[in-house]
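Student: I am new to this structure. Please pick one part and take me through it closely, step by step.

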Amino acid sequence: MVQAANRGNLGITVDVANFHCGPARLGEIAALPAHAVNMFHANDLPDMPKADMGIYDRVLPGDGAAPALEMIRELKRIGYSGYASIETFSHDLNKLPPLQVASDAFNKTRALLSEA
């Protein structure tokens, strides 16, 4: 769809939670041209049935069961070196001090990016 639109300002956001809950496979990331990826959304999901997951069930990157590390490795393989955005949609994280959540999310995301 992005290629058919042929617009320089249109791209794909690769989101760990949406990828994990949907039908996508890692091979689909490998097939993307790096320039088509505009953003990587770093987050994770707990180990629970996908059908039971909601938007506020997310956990910090690397703390869950989604293939975040593998996704980052695939993005690196295709040459993606763009933005990463941390998403913390979580009732549990909302109960914590914002500075603590921001610091933990940053450190966990940086660790994943380094490990990949």
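Tutor: What follows is a walk along one helix, the strands it connects and the loop that leads into it. Keep in mind that this is a predicted model.

Start with the helix itself. Helix 4 covers residues 68-77. Which of its residues are buried? They are Ala 68, Leu 69, Met 71, Ile 72, Glu 74 and Leu 75. Now ask what these buried residues pack against. Two of the partners are strands: strand 1 (12-15) and strand 2 (37-42). The others are helix 2 (16-21), helix 3 (26-30) and helix 6 (98-115).

Look at Glu 74 again. Its name stands among the buried residues of helix 4, and its side chain meets that of Arg 77 in a salt bridge. The N to O distance is 2.3 Å. The two residues lie in helix 4, 3 residues apart, which is about one turn of the helix. Are they buried or exposed? Glu 74 counts as buried because its relative accessible area is 14%, under the 20% limit. Arg 77 counts as exposed because its relative accessibility is 60%, over the 50% limit. This salt bridge therefore pairs a buried residue with an exposed one. Past the end of helix 4 comes Gly 79, which has a positive phi, near 95 degrees.

Next, the strands. Strand 1 and strand 2 run parallel and are paired over 4 bridges. Follow one bridge: Ile 12 has Val 37 of strand 2 as its partner. Strand 2 is also joined to strand 3 (residues 84-86), again in parallel, by 3 bridges. One partner pair here is His 41 and Ser 85, the latter in strand 3. How does the chain get from strand 2 to strand 3? It crosses through helix 4, and this β-α-β crossover is right-handed.

Before helix 4 comes a loop worth a careful look. Leu 45 sits in this loop between strand 2 and helix 4. Is Leu 45 buried or exposed? It counts as buried, because its relative accessibility is 2%. What touches it, leaving aside neighbours within four places in sequence? Its contacts include Ala 17, His 20 and Cys 21. Also among them are Met 53, Asp 57, Arg 58 and Val 59. Gly 64, Ala 65 and Ala 66 complete the list. Leu 10, by contrast, is 35 residues from Leu 45 in sequence and 27 Å from it in space, C-alpha to C-alpha.

Take Arg 58 from that contact list. Arg 58 lies in the loop between strand 2 and helix 4, and Asp 15 lies in strand 1. The two form a salt bridge, with their closest N and O atoms 3.8 Å apart. They are 43 residues apart, so the pair links distant parts of the chain. Asp 15 is buried, because its relative accessibility is 6%. Arg 58 is buried too, because its value is 8%. Glu 87 joins in: Asp 15, Arg 58 and Glu 87 are linked in a network of salt bridges. The structure holds 5 salt bridges.

Arg 58 has another contact, Ser 90. Ser 90 is found in the loop between strand 3 and helix 5 (91-94). At 3% relative accessibility, Ser 90 counts as buried. Leaving aside neighbours within four places in sequence, it is in contact with Tyr 56 and Arg 58. Helix 4 can serve as a reference point here: Met 71 is one of its buried residues. From Met 71, Ser 90 is 19 residues away in sequence and 21 Å away in space, C-alpha to C-alpha.

Tyr 56 leads to the surface. Tyr 56, Ile 55 and Phe 89 make a nonpolar surface patch of about 280 Å². Where is Ile 55? It lies in the loop between strand 2 and helix 4. Why is it called partly exposed? Its relative accessible area is 45%, and that class runs between 20% and 50%.

To retrace the path: helix 4 carries the chain from strand 2 to strand 3. Its buried residues pack against strand 1 and strand 2, among others. The loop before helix 4 holds Leu 45, Ile 55 and Arg 58.

Conventions
Residues numbered from 1 in each chain as written. Predicted model: local features only at pLDDT ≥ 70, side-chain atom pairs only at ≥ 80, totals over all residues. Heavy atoms only, no water. Buried < 20%, exposed > 50% of the residue type's maximum accessible area, 1.4 Å probe, protein only. Contact = heavy atoms within 4.5 Å. Pairing = 2+ DSSP bridges. Right-handed = clockwise from strand over helix to strand, strands pointing away. Patch = residues over 30% accessible without salt bridge, like charges linked within 9 Å, V, L, I, M, F, W, Y side chains within 5 Å. Areas by Shrake-Rupley, 256 points an atom, 1.4 Å probe, with all protein chains shown as cover. Salt bridge = Lys/Arg side-chain N within 4 Å of Asp/Glu carboxyl O.
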